[in-house]
Amino acid sequence: LSAAARLSHHASVILLESEDTLGYHASSRSAAVFIEDYGNTAVRSLNSASTTYLHTENAGVLSPRGMLVVAKADDNDLFKSEYKSFGMAEISVEDARGKIPILDPNIVRYAAFRNDIYDLDTDLLLQNFRREAWANGATNVTGASVIALSHTSGRWDIVTGDHIYHADVVVNAAGAW
């Protein structure tokens, strides 16, 4: 949807989706957390490039969450490794209990927190992209698994179960699924 939205400003776009609904695998099957400096170099670059958009476009799709990690006394080495790998700051158990009062200080010995982690409203994000794409004339077909693709004489032929589509350019934005 994001590719369709962006491309719809410059070209005629048809989005072929193999599922019966748009965003089926994206909108509710992840933790939907945004951490700008998380991931490898390429992912961090994409995250950084997206930050302003995610905070501001269409009133934003991010809301403050923060992240708290706690550990028992015998988990100190793992705790240190985990909180440092996420760029968190160690806090007192009392400060952690201020955030989550049900934490048992007889069990929890270590705590770390990071404030700049956000919930990502994936459904709103997808709906924003859908509105943008459709406003620019993009169309979509759901339940349209691409079963064959060929390039002849400068044109792509895209075969789904019941239709053949023709295009000058094909963008495979199917993702991991």
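Two exercises with worked solutions follow, on a predicted model of one protein chain. In this predicted model, local features need pLDDT of at least 70 and side-chain atom pairs count only at pLDDT 80 or more, while totals for chains, interfaces and linings use all residues. Residues are numbered from 1 along each chain as its sequence is written, and side-chain values use heavy atoms, with hydrogens and water left out.

**Exercise 1.** Determine how spread out the protein chain is relative to a compact globule.

*Solution.*
1. The secondary structure consists of five helices and eleven strands (DSSP runs: H or I of at least four residues for helices, E of at least two for strands, numbered from the N terminus).
2. The globule rule (2.2 Å times the number of residues to the power 0.38, with the radius of gyration taken over C-alpha atoms) gives 16 Å for 177 residues.
3. The radius of gyration is 22 Å, well over that value, so the protein chain is more spread out than a compact globule.
4. Along the principal axes, the C-alpha trace spans about 70 × 30 × 30 Å.

**Exercise 2.** Characterise the surroundings of R114.

*Solution.*
1. R114 belongs to strand 6, residues 110-114.
2. Its relative accessibility is 8%, so R114 counts as buried (under 20% relative accessible area, with a 1.4 Å probe and protein chains only).
3. Leaving aside neighbours within four places in sequence, the contacts of R114 (heavy atoms within 4.5 Å) include I35, D37, G66 and F86.
4. The side chains of R114 and D37 are joined by a polar contact of 2.7 Å (a pair of N or O atoms within 3.5 Å; within protein, one must be able to donate a hydrogen and the other to accept it, and residues adjacent in sequence count only if both atoms are side-chain atoms).
5. A polar atom of the R114 side chain also lies 2.6 Å from the backbone oxygen of F86.

Definitions and conventions. Buried means under 20% relative accessible area, exposed over 50%, partly exposed in between (1.4 Å probe, protein chains only).
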